[in-house]
Amino acid sequence: RLTQCRSGHAHTGEYYRMINKPDRGLACCCGAAVQTRDHVLASCPQYERYRSVLRAVSPELSTTRLLGTREGIRATSIFLRRSGAF
C-alpha cells in the first residue's frame, strides 16, 4: 500500500478516474466527490485519529514531505498500517 500511495496507483477514486474505471467508484466514504491520495492523507475525517504520526513529521501534512523523505515514508507506513487506508 505504501508503494501504491507513493506512485499514485492506490485504490482511490482519483486512480479509477485516471484509468477510466469510474464504475469502481470515485467518491470517498466521507462524502467527498472524489477520493484522492491527498484527501486520505490530509483531510478525510475517517482517518483523522491516525494523523498524529503524520503531523509529527509534517504539521502541514505536505504530501511531498510525507512521501518524499525517509522520515515521512516511515510515518506514512505507520499511518497506513494503523488506519487501513487504501
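What volume does the largest cavity have? In this predicted model, the answer is about 30 Å³. The count of cavities of 30 Å³ or more comes to 1. Its lining is made up of Q4, C5, G8, H9, A10, T12, E14 and R37. One of these lining residues, C5, is buried, with a relative accessible area of 0%.

That brings up the cysteines. The count of disulfides comes to 0. C5 is in no disulfide, and the nearest cysteine sulfur to its own is that of C44, 13 Å away. C44 is also without a disulfide, although here the nearest cysteine sulfur, belonging to C28, sits 3.6 Å away. That still leaves the pair unbonded, because a disulfide needs sulfur atoms within 2.5 Å. Like C5, C44 counts as buried, at 0% relative accessibility.

Next comes the nonpolar core. The largest one has 19 residues, and the members that touch the most other members are Y47, L54, F79, A85 and F86. Two or more residues come from each of α3, α4, α5 (63-68) and α6. Taking L54 as a way in, its contacts beyond four places in sequence are L41, L61, L66, A75, T76 and F79. T76, one of those partners, belongs to helix α6, which runs over residues 70-83. With a relative accessible area of 0%, T76 is buried. Seen from its own side, and again skipping residues up to four places away, T76 touches L2, L41, L54, L66 and L67.

A85 and F86 both come from the segment after α6. A85 counts as buried at 0% relative accessibility, and F86 does too, at 16%. F86 still falls on the buried side because the cut-off is under 20%. Apart from residues up to four places away, A85 touches R1, V40, Y47, F79 and L80. Between A85 and G72, 13 residues apart in sequence, the C-alpha to C-alpha distance is 16 Å.

F86 also has a backbone quirk: a positive phi of about 65°, although it is not a glycine. Most residues other than glycine have a negative phi. N20 is another non-glycine residue with a positive phi, of about 60°. Is N20 buried or exposed? At 63% relative accessibility, N20 counts as exposed, and its place is in the loop between α2 and α3.

That loop, between α2 (13-18) and α3 (37-42), also holds Q35. Unlike N20, which is exposed, Q35 counts as buried, at 14% relative accessibility. The contacts of Q35 beyond four places in sequence are H11, T12, G13, E14, L26, A27, C28 and V40. Among them are T12 and E14, which also help line the largest cavity. Along the chain, Q35 and Y16 are 19 residues apart, while their C-alpha atoms are 9.7 Å apart in space.

Further along, R51 has its place in the loop between α3 and α4 (52-57). For all its charge-bearing name, what is its exposure? R51 is buried, with a relative accessible area of 0%. Its side chain has polar company: a polar atom of it lies 2.8 Å from the backbone oxygen of L41, and a polar contact of 2.7 Å joins it to the side chain of E48. Leaving out residues up to four places away, R51 touches H39, V40, L41, A42, S43, C44, L61 and F79. One of these, F79, is among the core members that touch the most others.

The loop between α4 and α5 contains S58. S58 is buried as well, with a relative accessible area of 0%. Beyond its neighbours within four places, S58 is in contact with R65 and L66. L66 is one of the residues touched by L54 and is likewise one of those touched by T76. The C-alpha atoms of S58 and Y47 are separated by 16 Å, with the two residues 11 apart along the chain.

Technical notes: Residues are numbered from 1 along each chain as its sequence is written. This is a predicted model: local features need pLDDT of at least 70, side-chain atom pairs count only at pLDDT 80 or more; totals for chains, interfaces and linings use all residues. Side-chain values use heavy atoms; hydrogens and water are left out. Helices (H or I, at least four residues) and strands (E, at least two) are DSSP runs, numbered from the N terminus. Buried means under 20% relative accessible area, exposed over 50%, partly exposed in between (1.4 Å probe, protein chains only). Contact means heavy atoms within 4.5 Å. A polar contact is a pair of N or O atoms within 3.5 Å; within protein, one must be able to donate a hydrogen and the other to accept it, and residues adjacent in sequence count only if both atoms are side-chain atoms. A nonpolar core is a set of buried Ala, Val, Leu, Ile, Met, Phe, Trp, Tyr and Cys residues joined through side-chain atoms within 4.5 Å. On a 1 Å grid over the protein atoms alone, a cavity is a set of points where a 1.4 Å probe fits but cannot get out, and a pocket is an open set with protein on both sides within 12 Å along at least five of seven lines; lining residues have an atom within 4 Å of a point. Grid points are joined across faces, edges and corners, and a volume is the space filled by probe spheres set on the points.
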